[in-house]
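Let's take a walk through a protein fold together. Have the sequence and the 3D view open as you read.

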Amino acid sequence: MLKTRLLDDFYIYTFTGQEELNILILVNNGKVLLIDTGYPEIARELRTELEKDNLIPEIIINSHYHPDHINGNYVFSGCEFMGSEFYKQNFELFEALNPDVEYIKPKILLKDSQILHYGLFELKFLNLKGHCQDCLVTIIKHPELKNPLVHAADLIMFSNDGKHSIPYLSYDGDIEEHIQSLETLNSIKIGILLPSHGIILKDDNAIAEALKIRIYYLQKLRELGKSAKVDDCLLKDKSLYNQIKLHDKNLKNIFG
Ligand SMILES: [Zn+2]
C-alpha cells in the first residue's frame, strides 16, 4: 500500500498487485470520508491503516457498484453509505453473484450534480455513464487547491506503470454515453485526475491526451462496429496500452 499525501487532510491510498485500486481519503476533525473500499482484503488493510493514523471512517461513497469497488464495504459497516440513484441493477446482480459477501445498500442516493460539503471540501457528483449506468465521477474542491481533483472512477483507467487501459464497457455500458462522459470531463478544468485504477495525472497535457486516446477508441468502435479490430481503434503505439483484452469483452457486451 502506498500513501500519497495531497494536502494535510487529503490522501490517496494506492493498493497494488492483482487487486489494485486507488482509494481517496478526505479528513475532517479525525473522521474520514472514503471513496470506495475495494475487495475485502484491501478494505481490511485500509481499516488497519486508518486505525494507525487515529482516523475514524465516517462516510463511504461508492463510485459504482462493481465488486472491486464495493465488496469490502462490510468491513466498514458502521459508516454511512452513499451511491448513485441508479445503483440497484448492479447491486442486485453482483450481490447474487457473490453470496459469501455481505452487501450494504447506500443509505443516501446521490443524484447528478448533487453537492456534499465535508470539512473544507466540496464534492460534486456527476452521473457520467458509459462504463456502467451507476458511475459517479466526483469533482472535489478544497480552498488550498487551485483546480479541483476529479475522481474519475472507471471512466478512465491506467495501469500503475502508466499505460492506458482501453475504456471498458460493462454489460450496461454504452459507447455514446461513454464518449459524452469523456467530453464532459474534457470541459472541466482539472487540477488532478484520479482514476480508480492506475496512475494519478496532474499535467494538463497528459490529462488531455488520456481523454483523446479513449474518445478515439470509442469513436472507432462505434464506426467499425462488431468487426472492429483492436489495432484499428488505437491512436497510439500498442505498447502504450494495458488491458487490450477488454476489447473483446466490449465487442461482446455492446454488439452481442
Ligand atoms: Zn474498477
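What follows goes through the sheets, then the zinc site, then the largest pocket. Keep in mind that this is a predicted model.

## The seven-stranded sheet

Start with the sheet built from β1 to β7. Its seven strands line up in the order β1-β2-β3-β4-β5-β6-β7, the sheet is open, and the pairing is mixed. At the edges you'll find β1 (2-7) and β7 (108-110); each has a single partner strand, so one side of each is left without a neighbour in the sheet. Going across this sheet, neighbouring strands are turned by 25 degrees against each other on average, if you ignore direction.

What holds strands side by side? In general, strands of a sheet pair through backbone hydrogen bonds, either parallel or antiparallel.

Now look at the start of the chain. A hairpin of two residues connects β1 to β2, and these strands pair in the antiparallel sense over five bridges. If you'd like one pair to click on, T4 has I12 in β2 as its bridge partner. Next along, β2 (residues 10-15) pairs with β3 (residues 21-28), again antiparallel, over six bridges. Here Y13 is matched with I23 in β3.

## The five-stranded sheet

There's another open sheet to find, with five strands in the order β8-β9-β10-β11-β13 and mixed pairing. Its edge strands are β8 (115-118) and β13 (192-195), and each of them pairs on one side only. The twist from one strand to the next averages 20 degrees.

Inside this sheet, try β10 (residues 136-141) and β11 (residues 149-153). They pair in the antiparallel sense over three bridges. One place to look is I140, whose bridge partner in β11 is L149.

## The zinc site

Which residues donate atoms to the zinc ion? The protein donors are D68 (OD), H69 (NE2), D154 (OD) and H197 (NE2), and they lie 2.1 to 2.2 Å from the ion. Along the chain, the donors follow the spacing D-H-x84-D-x42-H. Take D154 and H197: this pair links distant parts of the chain, 43 residues apart. D154 is in the loop between β11 and β12 (164-165), whereas H197 is in the loop between β13 and α5 (204-224).

Why is the arrangement around the zinc ion called irregular? It's because the four donor atoms subtend angles of 85 to 159 degrees, and a tetrahedral label would need all angles between 85 and 135 degrees.

## The largest pocket

Finally, hunt for the largest pocket, which has a volume of about 660 Å³. It is lined by 24 residues, and the closest to its centre are D68, M157, H197, Q243 and L246. Two of those names should ring a bell: D68 and H197 are also zinc donors.

The elements giving two or more residues to the lining are α2 (67-70) and α6 (246-255). Sorted by class, the lining has seven nonpolar, eleven polar and six charged residues.

How values were computed: Residues are numbered from 1 along each chain as its sequence is written. This is a predicted model: local features need pLDDT of at least 70, side-chain atom pairs count only at pLDDT 80 or more; totals for chains, interfaces and linings use all residues. Side-chain values use heavy atoms; hydrogens and water are left out. Two strands pair if DSSP finds at least two bridges between them. Helices (H or I, at least four residues) and strands (E, at least two) are DSSP runs, numbered from the N terminus. Axes are lines fitted to C-alpha atoms, for helices over the stretch in contact, and angles run from 0 to 180 degrees between N-to-C directions. On a 1 Å grid over the protein atoms alone, a cavity is a set of points where a 1.4 Å probe fits but cannot get out, and a pocket is an open set with protein on both sides within 12 Å along at least five of seven lines; lining residues have an atom within 4 Å of a point. Grid points are joined across faces, edges and corners, and a volume is the space filled by probe spheres set on the points. Ala, Val, Leu, Ile, Met, Phe, Trp, Tyr, Cys and Pro count as nonpolar, Asp, Glu, Lys and Arg as charged, and the others, Gly among them, as polar. Donors are N, O and S atoms within 2.8 Å of the metal (3.2 Å for Na, K and Ca); water is not among the atoms, so sites may look incomplete. Four donors count as tetrahedral if all angles lie between 85 and 135 degrees; four count as square planar and six as octahedral if opposite donors are over 155 degrees apart and all others between 65 and 115; anything else is irregular.
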